[in-house]
Amino acid sequence: MPADLAVIGLGPFGLPLAQAAVAAGIPTVGYRTGPEAGSLSPAELRRMLSGGFRTAAGPTELGRVRTAVICAPTPRGADGGLDLGQVETAARTLAARLRPHTTVILESPVPPGTTEGFLRPLLEEGSGLRAGRDFHLAYSPSRVDPGNRDFTPSNTPKVIGGLTPACTESAAAFYSRLTDKVVRARGPREAETVQLLETNFRHVNIALVNEMAVLCHDLGVDLWDVIRCAETKPFGFQAFRPGPGVGGHAVPQDLTGQTGRTLRMVELAQQVNSRMPAYVVQRAAALLNEHGKSARGARVLLLGVTYKPDLADQQGAPAQEVAIRLMELGASVSFHDPHVPSWSVLDRPVPRADSLYEAAADADLTILLQQHRTYDLQGLSVKAQLLLDTRGATPTGAAHRL
């Protein structure tokens, strides 16, 4: 059966889109742009396959669809900007097979101006077609939140900015099959900048609360109680919570590499957030010292090495740096994570604890880095000799909190 939709890029942005499309009854084919890893469970993938999803046997199938969405990853490059290499590869592959009247949408996180200034020329030169006349072109920021049970693609509004009004409406017609609400931006640049603002908003606010965590610890103030009280304000405040660092696929952008402009607040936020793993290790060493133990030779158990609770994805998770810094201090590090069967740091396998409670009782210090739903934190706080909770997930007074 020919597909209505081609999802190009089956990583953290493409797989959830393909999943939503299949659930909406849209015949969907996926095309890989590289060694991608999505965040769907094996059971979710099986449901997609049973719903008709299939991986393209070759690029020829990209020329047989009505809508093609490019979801290629854009990791941070050597210059600090986003690497558009996989987007370029996807565009060239699609352009060679692009048919008139196809709707092409970019969902990858990109700097403002990419759809018009980077993607459009690649598609036009490779196909001989003209965007806005022969095929539709639009941008829509991906709003994937893996593991979120309250907000899914069906009830999360989709922002769309087309090259022309007709491009916007064509993209809107497609997304209306997936979501309850479509929001039309003035154009691709505005839609791209929505993604920029949303990503940076998260990182800046996490940085603020991370700085507050350090300050409150120095002042002897319970930050978690401060947040609990502050979030009762019904206006002008949104609660964010500190942690050992910021992970995930949404990379903060200060645009220095693309435009020469620096978003100073974002630059500072990156500095603050990148210091959090070192601060966690500093707190860990201080706790050990307070209890008459040295970090050198201490047995340290890390709980949860993924970037988000209840998922296996480790992209950007701070656990790696925390482990490295602990090892540099001479600590003996082990880990436990129900979603990660094996874990390596600096190409060396880290011992995995089979029994959580036994490992916590044996460790000189247990550090909770990610609060997976399966963790019994009340029981853990009783079993652990010494527990540092970087997520504020344990009951008040049951552990040392960040």
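These are my notebook entries on a pocket, an aromatic pair, two helices and a few backbone angles in a predicted model.

**Entry 1, pocket.** I looked up the second largest pocket, which holds about 670 Å³ of space. I find 31 residues in its lining, and those nearest the centre are G247, G248, V251, Q315 and G316. Sorting the lining of this pocket by character, I get 15 nonpolar, twelve polar and four charged residues. When I ask which element supplies the largest share of the lining, I arrive at helix α9 (residues 264–274), with four residues.

**Entry 2, aromatic pairs.** My count of aromatic pairs comes to three. I took up F201 and F240, whose ring centres lie 5.8 Å apart with the planes at 65 degrees; because planes over 60 degrees apart count as edge-to-face, I enter the pair under that heading. The pair links distant parts of the chain, since F201 sits in helix α6 (residues 188–219) and F240 in the loop between α7 (223–230) and α8 (256–259), 39 residues apart. I also checked accessibility: F201 has a relative value of 40% and is therefore partly exposed, whereas F240, at 16%, is buried.

**Entry 3, helix α6.** Returning to the helix that carries F201, I note that α6 has 32 residues and reaches 47 Å from its first C-alpha to its last, close to the 46 Å expected at 1.5 Å a residue. After α6 comes G220, with a positive phi near 75 degrees.

**Entry 4, helix α10.** I made the length check on α10 (residues 276–290) as well: its 15 residues should span 21 Å at 1.5 Å a residue, and the end C-alpha atoms are 21 Å apart, in agreement. Which residues of α10 are buried? I list M276, P277, Y279, V280, V281, R283, A284, L287 and L288. These buried residues pack against the helices α6, α9 and α11 (319–328), and also against the strands β13 (365–368), β14 (387–389) and β15 (400–401). G292 follows α10, and its phi is positive, near 75 degrees.

**Entry 5, positive phi outside glycine.** Most residues other than glycine have a negative phi, so I looked up exceptions. H101 has a positive phi near 75 degrees and is found in the loop between α3 (85–95) and β5 (103–106). D347, likewise not a glycine, has a positive phi of about 65 degrees, and I place D347 in the loop between β11 (344–345) and β12 (348–349). Are these residues buried or exposed? With a relative accessible area of 67%, H101 is exposed; D347 is exposed too, at 78%.

Conventions
Residues numbered from 1 in each chain as written. Predicted model: local features only at pLDDT ≥ 70, side-chain atom pairs only at ≥ 80, totals over all residues. Heavy atoms only, no water. 1 Å grid on protein atoms, 1.4 Å probe; cavity = no way out; pocket = protein on both sides within 12 Å on 5 of 7 lines; lining within 4 Å. Points joined across faces, edges and corners; volume = space filled by probe spheres on them. Helix = DSSP H or I, 4+ residues; strand = E, 2+ residues; numbered from the N terminus. Nonpolar A, V, L, I, M, F, W, Y, C, P; charged D, E, K, R; others polar. Phe/Tyr/Trp six-rings, centres within 6.5 Å; stacked < 30°, edge-to-face > 60°. Buried < 20%, exposed > 50% of the residue type's maximum accessible area, 1.4 Å probe, protein only. Expected span 1.5 Å × (residues − 1). Contact = heavy atoms within 4.5 Å.
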